[in-house]
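This report concerns strand pairing and charged side-chain contacts. The sequence and structure follow.

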Amino acid sequence: MALPPEDSLQMKSYLVAIGLPSTTAEKFSSMFCKPQVPEEWLTLIQSTKNNNEISSGKKIESFLFIYNELQKHFREATNVTVDDFQSNQKGGKVLMEDIDEENCPNAVDDVDELWDVNDLEELDEYKMKNNRGKFFIFVMKERRTGADQDVVQYKEIAKQLGFNEISIHEDKNATEIEDLLTKYGREDHSHDDCVVCAIAAHGTNEDLIEVKGGECIHLNDFVKHFNENNCKDLKGKPKIIIVQACRGNFLEKAVELRKDNDEHHVERPTYNNVYPELKDYAENLETNYNDLLLASSSIPDTKSMRSEFSGSYYLQYLLEEIKDNKGRDICEILTKVNCRVSRMVFKVDGTKCKQMPCFRSNLTKKLHFHTQNEV
C-alpha cells in the first residue's frame, strides 16, 4: 500500500510548512509512494498530521521516527539502503545495477562491502555543563532606529540559552572593542562551555562592521580573539558568532509563485515600517576555525531588515525558535529561523522584498543548550 502521487505532493508541502527542510520533506513523502508500505505506518502518519494537540516540533520528531523505521523495513527487505541505491536480485544476491560481474573483477555481492554504512559513527555532542561562559553583545545604535530592541532580544536569547554572564557593549569604537576582547582572551576560561559574540550594526564592504563614529573594523577582528592562538582555553569548544547586519546594497525582490496542490499557500504579511541596514558586508572571511558557528541575518550582497518599533526581524525569530525548541541542536534551530524569515515579505519604497538568513558551521559535534535538569 502507498500514498497516491497527489497525496505525496500535499504531504511534502505540509512537512515544509511545519519546518522540515525541503530535501528531507521530499525524501519522506517519496517513501510513502513506494509499494508494500505497511498500512499501519500510513495510518500513523495521517493521525499525526491531523492531531492538532501536539506542536510542530513533536510532529517532526514523530515523522522522522517513522521515516527511519521505514528505511529499516526496506533495508531488511532488500539488504540495501532504499534511497541511495537501485538494486537487482539475482539468486538471492543484491547487486549494484552498474556492476558487471564478468568484466569487473572487483565487483562485490554485498553492498555493505562496497560502502560500509556501519562505519559511520554517530556524531558526538559538545559537553555543556551549565557553566556557559560569556555572552558578548555589541550593538551600534547610531543611525539604527529600533536598536534598543536588538539589545533586549539578545539579552533574552542569552538567558534562554542558559548564560549568566552577559556582557553588553553599546556604541564602542574599534580600540575599545579590541581592548575588551584582548582582555577576554587572557582570562581563564577553562571551565566555560563556550562563548557567544552577538553583533548588531551596519555592515560595510570588505568584511567590515561599522562601529562608533563611522569607524570600521573587520568581522575577523571580533572572531580572531576566540581562536586557539588567542584563547587556548576555548580549544575544542563551540564559538558562536551572530551578526545582524547588511551584507550588501541589493534588496532581494520577492517572487510570487503559485504551487499546484499546495494546501498551505498563504499570502505573507507585508511591513511598511522597515529600515534596511545601510551598507554591504562581504563574504570572504578569514574565520575558518574549528568549532565555529557563524550565523548571519542575510545572504551575501543583500540587505537586512529591522523595524523601528520591534528591532531586527531576524533576532525576533531567533528568540522565538530558541524558546520553542529548548535543548534541540542549534543548527536545526537556525534552519527553522532561516525558513521563517525567508517567508516574510517586506515593502521598501513600494517594492516587495525578501530576506534570506544563513549560517556557516565549522562545528565538529552536535551542539545542544540543555537545561540543568536535562544534563
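In the predicted model, E210 stands opposite C216 in β8. Strand β7, residues 208-210, pairs with β8 in the antiparallel sense over three bridges; two strands count as paired if DSSP finds at least two bridges between them. Strands (E, at least two residues) and helices (H or I, at least four residues) are DSSP runs numbered from the N terminus.

The open sheet is formed by three strands in the order β6-β7-β8, with antiparallel pairing. Because β6 (203-204) and β8 (216-218) each have a single partner strand, they stand at the edges, and one side of each is left without a neighbour in the sheet.

As to conventions, residues are numbered from 1 along each chain as its sequence is written. Local features need pLDDT of at least 70, side-chain atom pairs count only at pLDDT 80 or more, and totals for chains, interfaces and linings use all residues, while side-chain values use heavy atoms, with hydrogens and water left out.

The structure holds 12 salt bridges, a salt bridge being a side-chain nitrogen of Lys or Arg within 4 Å of a carboxyl oxygen of Asp or Glu. Among them are the pairs tabulated here with the distance between their closest N and O atoms.

| Salt bridge | Closest N and O atoms |
|---|---|
| E320 with R340 | 2.8 Å |
| K336 with E321 | 3.5 Å |
| E332 with R328 | 2.7 Å |

The E320 and R340 salt bridge links distant parts of the chain: E320 belongs to helix α9 (residues 313-324) and R340 to helix α10 (residues 330-342), and the two residues are 20 residues apart. E320 is partly exposed, with a relative accessible area of 35%, and R340 is likewise partly exposed at 25%. In these terms, buried means under 20% relative accessible area, exposed means over 50%, and partly exposed lies in between (1.4 Å probe, protein chains only).

K336 forms its salt bridge with E321; since K336 lies in helix α10 and E321 in helix α9, the pair ties together parts that are 15 residues apart in sequence. K336 counts as buried at 14% relative accessibility, and E321 is buried with a relative accessible area of 4%. A network of salt bridges links E320, E321, K336 and R340.

In the salt bridge between E332 and R328, E332 counts as partly exposed at 39% relative accessibility, whereas R328 counts as buried at 17%.
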